[in-house]
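Q: Got a minute to look at a structure with me? I'd like to go through the aromatic rings and then the cysteines.

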Amino acid sequence: MFGSKSKGLFFDLAGDTALVAKTTGMIAPFVIEELREIPIGDPAEVAEAVRTMAGVRGSGYATACCGIYPNGRVVSRLAIDPRKLRDEGYLAQHATDTLKIEAASHTLVPITIADGADLGGLRSVPKEILICGAPSAEILGFQNRLLEYGLFPERLEVGTIATIGGLMSQLRVTDNKSPLLLLEIGTESTSVFVLTRDGVDISRSVQFGISSMIPLVQKELALKDEESARKLFFSNSFDFTGMGPQLTKRLLRELQASIGFYEVQTGQSINQICCTLLPSKVGWLQRTLADVLGMKVHAVDHVAWLKSMGIEAAAGVQLNDLPPVWTSLLCLMGDYTGTANEAAA
């Protein structure tokens, strides 16, 4: 029923495409043998591609580490009263009141801001934590989709959390002391984070996504309807770079307000940006935002970073020329818990 566990499979499911890596194992050290992009359409076709890649015969399931991005995902800083944390119902009620979510319908996990450690193993609980999770119904929906795709999740993660851990790891490995602006630009909203090598300094959501740009494209180019604008936007046949500042004006206004507040409060300048989850055809968006905000695009030597965790690439697997959308898949491969403390030791 299940494929051999001698091989590893990492599956990052975001938007209309799944990014997949076949490796020699699930826990480092291992070697990345193949990277593949699989369009998400017919589940049967996806399952066939996954089973072929994993070497699973018949209708068996391939075990994998899977990254998902529920629309209602929660990755938020939360100030708490450490003395009340172990009181029954305290955290759920506090999250409901503070984050304006219905905690009872969510699967939520509290972790440390610095290194994602489980609070249960700490002698002293901090006054601020990172609370992570998603609506339980959305998680169940993703689990069912993954089964349709021929996958049995050995590990299921909200990909945002792995991405944050991976990017913080990159900052530490490269001794990069500058704050990093991380944007996950989705269909309807954008998740905004400011990361440093020491933790998550800002986490917020902006109600602006790709869909917000489509009516502007239609208007600017005098197209007959939004569907025509959407097709052109994703066609890679038109250069939207010049229109970028106009299309993202509302998002830029929100970002500039957050950046200005952060820099006044901390005295640190944010000079680098990373936009994950962007389809390759709209990769220009990251460059546009970087230019308008006066930042550089976060760049890292993936080969050196992964090697520091015991992960290498087989001959023919190119890592340093990958588009930004692959960042989240690579971040799924690491184990970052405790790295902040180790780095500081």
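**Rings and cysteines**

A: Sure. Keep in mind that this is a predicted model. To start with, F233 has a relative accessibility of 1%, so it counts as buried.

Q: And how many aromatic pairs are there?

A: The count comes to 7 aromatic pairs. One of them is F233 with F234, an edge-to-face pair with 5.2 Å centre to centre and 80° between the planes.

Q: Is F234 buried or exposed?

A: In between: F234 has 28% relative accessibility, so it counts as partly exposed.

Q: What about F240 and W284, how are those rings arranged?

A: They're stacked, because the planes sit at 25° with the centres 5.9 Å apart, and under 30 degrees counts as stacked.

Q: Where are those two in the chain?

A: F240 is in the loop between α6 (226-233) and α7 (244-247), while W284 is in helix α9 (residues 284-293). They're 44 residues apart, so the pair links distant parts of the chain.

Q: Buried or exposed, those two?

A: F240 is buried at 1% relative accessibility, and W284 is buried too, with a relative accessible area of 14%.

Q: Which residues do the ring pairs link into a cluster?

A: F233, F234, F238, F240 and W284.

Q: OK, switching to cysteines. How many disulfides?

A: The search of the whole structure finds 0.

Q: Why is C275 not bonded to C274?

A: Their sulfurs are 6.8 Å apart, which is too far for a bond; the cut-off is within 2.5 Å. As for burial, C274 is buried at 3% relative accessibility and C275 is buried at 0%.

Definitions and conventions:
Residues numbered from 1 in each chain as written. Predicted model: local features only at pLDDT ≥ 70, side-chain atom pairs only at ≥ 80, totals over all residues. Heavy atoms only, no water. Phe/Tyr/Trp six-rings, centres within 6.5 Å; stacked < 30°, edge-to-face > 60°. Buried < 20%, exposed > 50% of the residue type's maximum accessible area, 1.4 Å probe, protein only. Helix = DSSP H or I, 4+ residues; strand = E, 2+ residues; numbered from the N terminus.
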